[in-house]
Amino acid sequence: MTAGIAALLTLAAAAPAPGQSTVDQQAQRPAEGAQPAAMGGVNTGAPHAAVFDAEHRPITAGGFVKSGPVIFEDIAESAGLAKWHHTMGTPEKTFILETVGSGVGLIDYDNDGWMDIYLVNGATYDSLNGKATPPHAALFHNNHDGTFTDVTAKAGVANDRWGFGVAIADYDNDGWPDIYVSNYGKNRLYHNNHDGTFSDVAEKAGVALGNWSTGATWGDYDGDGKLDLFVPGYVHYDLAEPPAQGSKAVSYQFCQFRGVKVMCGPRGLKGEGDHLFHNNGDGTFTDVSDATGTSDKSGYYGLASLFIDVNNDGKVDLLVADDSTPNYLYLNNGKGGFDDASFASGYALNEGGRETASMGIAAGDISHNGRIDLFNTTFSDDYKPLYRNDGDANFTDISYQMGIAESTVPFLGWGTAFFDYDNDGWLDLMEANGHVYPQADGLPWGTSWAQRPLLFHNVAGKLELVPAVEGTGLARLGVGRGLAFGDLFNDGKIDVVINNMDGTPTLLRNVDKNSNHWLELKLVGGAKSPRDAVGAAVYVKANGFTQRADVVSGGSFASTSDPRLHFGLGAATSVDSVEVHWPGGAVEKILVPGVDGIYTVVEGSGKGVPAAKAVTR
């Protein structure tokens with residue numbers, strides 16, 4: 001924890017023991033063998049002492065500093081995004097359906113070389129019953145000048161259902177990105193018509209499902225060059241018999257937190273199964289969940305998922321972040337299925353051997369060893385686990401070793417990602433935060449309904465909390481849920497979009513002052529790979545070390561980030577080598593003409609060309 005933040009912390013609990021500072025007291029782990037205070041609620045950790053800042057604000061909504069490095073500015077209003085508002089259920093959040101929130105996707109839907117923004121919306125009970133106009137999702141076109149225009153109506157992607165997640169990829173290999181939206185109720189698969197419009201083909205494709213789907217992910221698990229779709233399920237929810245305290249649907253113990261009556265679940269509720277859909281190559285999909293061993297027969301509460309290769313065998317594996325239940329890690333066995341390595345890998349549980357209320361997934365190589373490390377956001381009163389990849393799909397929870405556990409405890413985390421905000425060549429870490437219980441604002445828990453995001457700076461492999469300077473983007477409060485990152489302004493700096501529940505979105509423009517160099521690559525797959533190269537891994541050597549980045553669709557919380565791969569180069573004015581491991585199995589050395597630019601790499605070409613001049617297959 002930085003000195004600037006630590007100096008502001010005071011505890012709302014009793015005075016610390018002799019010789020123990022207030023910060024030390026807050027940093028203590030729960031007592032050995034301590035049981036969670038709310039076995040029936042969402043939380044899986046034991047209660048921690050409340051943390052307040054010098055103005056007696058919960059640290060989740062305070063702890064700001066007067067001066068320091070300014071990394072992000074929230075420009076949502078000037079960019080035109082603040083005209084759109086997210087709505088999910090009622091302000092009281094009586095039922096769990098109203099509390100989960102929605103994701104955000106970055107998509108270049110018109111192939112003009114600039115990332116556009118898709119924001120998923122929720123719904124209300126009246127809109128489901130046809131008594132009110134439903135809140136609509138929004139597609140914002142990037143105007144190339146720092147502003148965005150709402151083109152939802154023309155594009156035909158309003159959804160108008162109770163929306164949660166968005167996974168973006170080119171599932172039919174036609175060169176145009178498509179949008180999968182997961183809902184409570186039937187899901188949508190918006191096929192890109194190449195003219196600025198989309199058509200919902202979910203029913204025809206066989207991927208509409210029903211009930212409650214969350215954060216999906218695309219990946220070519222069987223190596224046939226076509227993207228398959230995994231859709232996790234959360235709670236099996238019945239609108240006619242919602243899980244209210246004292247109802248037949250759930251018992252009282254699952255409807256309280258720290259002795260306070262709150263919405264019920266997910267514990268005590270029936271889980272919704274997961275689904276893996278195989279891409280048949282003709283616009284349709286086949287449900288192969290049972291055949292591949294990914295159907296979630298345990299009935300866990302899935303919130304986020306990600307296809308990515310964690311054991312470096314060239315085949316994408318599958319991660320599922322589960323709420324209040326163990327996480328899944330399915331290793332691709334190369335035989336058309338998966339082996340469940342959740343517990344053997346160390347990813348199912350945290351350091352204490354306990355399941356967490358996992359909401360989001362960040363994946364990236366934070367130490368330059370070529371292996372994908374993992375980070376999960378969790379509930380408040382619980383630290384957020386950082387899993388080091390020790391090789392061969394073995395993970396170790398190193399959050400306390402890295403010094404990031406204590407500062408995350410009061411926060412309730414959702415969307416999260418590793419990215420290099422200052423272009424120094426090391427992946428930093430960010431998480432969006434926001435509570436699920438509105439009651440948090442009126443009780444001395446040391447947390448809050450609206451919360452600020454957290455950013456950790458990677459200093460040569462060590463993560464350090466970046467102070468939130470008053471009036472800047474890191475001090476922006478919101479009920480954060482989905483988070484996506486990307487180079488929205490094509491200036492080589494990574495920006496962030498957060499979808500805030502029952503509020504307007506946050507657009508964090510990167511204003512960090514540095515003179516570091518950078519490189520961005522847009523990959524185009526060949527005949528044996530998906531067209532958008534989802535599943536590719538790229539290794540860039542510069543500055544005496546090698547960075548890895550993967551093309552993925554999904555992850556974070558129910559969100560999809562910029563598919564272009566970004567590499568900070570520090571002071572290096574050239575790269576030593578670029579190597580692409582294509583999803584189809586080919587490994588290719590690539591020549592790039594320079595740095596500080598965005599280059600398109602077509603499989604088999606051996607070179608990168610400026611994106612504006614790129615020729616694709």
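Student: Which residue stands opposite V538 in strand 37?

Tutor: In this predicted model, strands count as paired if there are at least two bridges between them. Here V538 faces V580 of strand 37. The pairing of strand 34 with strand 37 (residues 577-581) is antiparallel and comprises 5 bridges.

Student: How many bridges does strand 34 share with strand 35, and in which sense do the two strands pair?

Tutor: Strand 35 (residues 545-550) is joined to strand 34 by 6 bridges, again in the antiparallel sense. One of the facing pairs is A537 with D550 in strand 35. The two strands make a hairpin, with 2 residues between them. In that turn, N543 has a positive phi of about 60°.

Student: Is strand 34 mostly covered or mostly open?

Tutor: A residue is called buried when its relative accessible area is under 20%. By that criterion, 5 of the 6 residues of strand 34 (residues 537-542) are buried, and the strand is mostly covered.

Student: Let us turn to another sheet. In what order do the strands of the open sheet of 4 strands lie?

Tutor: The order across the open sheet is 36-33-39-40, and its pairing is mixed. Strand 36 (565-570) and strand 40 (608-610) occupy the edges; each has a single partner strand, so one side of each lacks a neighbour in the sheet. On average, neighbouring strands of this sheet are turned by 35° against each other, direction ignored.

Student: How does strand 39 connect to strand 40?

Tutor: Strand 39 (residues 597-602) runs antiparallel to strand 40, and 3 bridges join them. Across this pairing, T600 stands opposite V609 of strand 40.

Student: What volume does the largest pocket have, and which residues are closest to its centre?

Tutor: The space in the largest pocket amounts to about 670 Å³. Its lining has 32 residues, of which D108, N111, G175, K522 and P563 are the closest to the centre.

Student: Which strands each supply at least two residues of that lining?

Tutor: They are strand 4 (104-107), strand 8 (162-169), strand 33 (517-524) and strand 39. Strand 33 provides the largest share, 3 residues. Two of these contributors, strand 33 and strand 39, also belong to the open sheet just described.

Student: How do the residues of the lining divide by chemical class?

Tutor: The lining of the largest pocket contains 16 nonpolar, 9 polar and 7 charged residues. For this count, glycine is placed with the polar residues.

Terms used
Residues are numbered from 1 along each chain as its sequence is written. This is a predicted model: local features need pLDDT of at least 70, side-chain atom pairs count only at pLDDT 80 or more; totals for chains, interfaces and linings use all residues. Side-chain values use heavy atoms; hydrogens and water are left out. Axes are lines fitted to C-alpha atoms, for helices over the stretch in contact, and angles run from 0 to 180 degrees between N-to-C directions. On a 1 Å grid over the protein atoms alone, a cavity is a set of points where a 1.4 Å probe fits but cannot get out, and a pocket is an open set with protein on both sides within 12 Å along at least five of seven lines; lining residues have an atom within 4 Å of a point. Grid points are joined across faces, edges and corners, and a volume is the space filled by probe spheres set on the points. Buried means under 20% relative accessible area, exposed over 50%, partly exposed in between (1.4 Å probe, protein chains only).
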